[in-house]
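This report describes one protein chain together with its ligand. It begins with the helices, then turns to the ligand and to the chain as a whole.

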Amino acid sequence: MAKFQAPKGVSEYFPPNSKYFEFVRSVLIQHATIAGYEPIELPVFEDTEVFTRGVGESTDVVSKEMYTFEDRGGRSVTLRPEGTAGVMRAVIEHNLDKGQLPVKLCYSGAFFRAERPQAGRYRQFYQVGIEAIGCDEPELDVEVIAVADSAFKALGLKKYKLNITSLGDSQSREKHRKDLVTFINGLKLDEATQKRAELNPLRLFDDKREEIQSKMKTAPILLHYLNASSREHFEKVKTHLEKLGINFYINPKMVRGLDYYTGTTFEFEHELLGAQSGIGGGGRYDGLMKSLGGGEVSGIGFGIGVDRVLLACQAEDVLPEHTNRLDLFVVPISQSAKDFGLNLISELRKLGKSCDLAYGNKGLKGGMKSADKRGAKFALVLGDDEIVSKMCQLKLMSNGQMISSTLNASELAQKIGSFQ
Ligand code: HAM
């Protein structure tokens, strides 16, 4: 029978690498948590309109990449291609914005885009995201950027770059849009490009084709159209970033792939990832809530691609050799030792020590090989002699040192602890 394969272009993680994926994800979540972002768990599919209205019809994400289907009740649903629109739907539905502001939320999970798969670009991928909803001040923009930056730094990443720009408020954008449309109308464009430009003229800055890029070289730049308040907001963001020692580059032609952005927008790029260099990005989306049927409530957030951050960590070789290392691996060499060992590891686990047993009657040699393969800190060979004498020898795997102990869970836990 033919073997099944995972669907094309999905990212999968299994041992031994899955622990690194989980490590990266947990560091990202931890940095959001210590900054006061609370977890939110959302459906992986939503009413399609949440995304068409929220993310925007001019985007590749909505026009080409959504997994949309009719459910059994004839409703059009879509696997979430991103997190922000769904978070805003939930905030509106559950009145989360009616309490203390800002509402600070953090999510993590799988997202789906029908893109052409390549290294670092998947059809099912993972993000950790945060959203801070309901406050307009530039300090919050800086906090969001700083959460991502501190997580990258904690992982040991160095070869990444933060690009920022401002899309200004609606008044600034309106003024710019007029001039940009006039400029674009003077260009000779194919019909599809013309259509995209009508939906969102900024998209042409993001067009990868050489001929469009050269045509857009002299196009009016939004950053030059910011009114006084938008300019002041952006200046404050830059000043605070400098004060926090976060390096950034102003990239006035940066266009994010989603239409809801306003004001400060940013992208983190990693030098060693080639074409799929974006490891995370985000910005303000002050009109999104309204466009989804809510009030005039502002927001800012980011989405970090966990798959790509893992690739970046591997490229920079900064992952710790062992993550979630086993404290102790017990190798029983008789049936009564196995029975005893089962009890012992259960007691040790209650004391917070991670431990495992050599299942599968491996004997002494095979058991010790497993202890080594599992990267355990200590191994404990258990035979009838140990059980009778109630004494044992803990082997420190890094250097072979033997440490005597009684066969008592608390003493063993304490001895293991003293080497951590
Ligand atoms: P995004 O830039 O579309 O923003 O995605 C965020 C990150 O997800 C990207 O920087 C990238 O690392 C990762 N990513 C996106 N597509 C793929 C893919 N096909 N394969 C692997 N990784 C991918 C958003 O999704 C916004 N919701 C972020 C946001 C939150 N803005 C405000 N709040």
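## Two enclosed helices

Helix α4 (residues 84-93) is largely enclosed by the rest of the structure, because 8 of its 10 residues are buried. The model is a predicted one. The buried residues of α4 are Thr-84, Ala-85, Gly-86, Val-87, Met-88, Arg-89, Ala-90 and Val-91. The cover over these residues includes the strands β2 (45-47), β5 (103-112) and β6, along with the helices α2 (48-55) and α10 (288-291). After α4 comes Asn-95, which has a positive phi, near 55°.

Helix α2 is likewise largely enclosed by the rest of the structure, because 6 of its 8 residues are buried. Those residues are Thr-48, Val-50, Phe-51, Thr-52, Gly-54 and Val-55. Their cover includes β2, β3 (68-70) and β4 (76-79) among the strands, and α3 (60-64), α4 and α10 among the helices. Thus α4 is part of what covers α2, and α2 is part of what covers α4. Gly-56 follows α2 and has a positive phi, near 105°.

## The ligand and its shell

The ligand is surrounded by 27 residues; the closest are Glu-82, Glu-115, Tyr-122, Tyr-261 and Gly-278. The table gives three distances from a nitrogen atom of the ligand to a protein atom.

| Residue | Protein atom | Distance from a ligand nitrogen atom |
|---|---|---|
| Glu-82 | side-chain N or O | 2.6 Å |
| Glu-115 | side-chain N or O | 2.6 Å |
| Tyr-122 | polar backbone atom | 2.8 Å |

Taken alone, the ligand exposes 660 Å², and the protein buries 95% of that area. The elements that give two or more residues to the shell around the ligand are β6 (124-133), β10 (278-284) and β11 (299-305). Of the shell, the largest share comes from β10, with 6 residues. Strand β6 thus contributes to the shell around the ligand and also to the cover over α4.

## A buried histidine and an exposed asparagine

Is His-176 buried or exposed? His-176 counts as buried because its relative accessibility is 2% and the cut-off for buried is under 20%. His-176 lies in helix α6 (residues 170-185). Leaving aside residues up to four places away in sequence, His-176 touches Leu-202, Pro-220, Ile-221, Leu-222 and Tyr-225.

Where does Asn-324 lie? Asn-324 is in the loop between α11 (306-316) and β12 (328-332). Asn-324 is exposed, because its relative accessible area is 70% and the cut-off for exposed is over 50%. The C-alpha atom of Asn-324 is 9.8 Å from that of Ala-376, a residue 52 places away along the chain.

## The chain as a whole

The protein chain has 15 helices and 16 strands. Its C-alpha atoms fill a box of roughly 90 × 60 × 45 Å along the principal axes. The chain has 420 residues, of which 49% count as buried. Its exposed surface is about 21300 Å², and carbon and sulfur atoms supply 51% of that.

For contacts between residues at least 6 apart in sequence, 70% join residues at least 24 apart. The chain carries 55 positive and 55 negative charges, and the mean positions of the two sets are 4 Å apart.

Methods: Residues numbered from 1 in each chain as written. Predicted model: local features only at pLDDT ≥ 70, side-chain atom pairs only at ≥ 80, totals over all residues. Heavy atoms only, no water. Helix = DSSP H or I, 4+ residues; strand = E, 2+ residues; numbered from the N terminus. Buried < 20%, exposed > 50% of the residue type's maximum accessible area, 1.4 Å probe, protein only. Contact = heavy atoms within 4.5 Å. Areas by Shrake-Rupley, 256 points an atom, 1.4 Å probe, with all protein chains shown as cover. Lys, Arg positive; Asp, Glu negative; His and termini not counted. Charge placed at Lys NZ, Arg CZ, Asp CG, Glu CD. Near = heavy atom within 4 Å. Polar contact = N/O pair within 3.5 Å; in protein donor to acceptor, adjacent residues only side chain to side chain.
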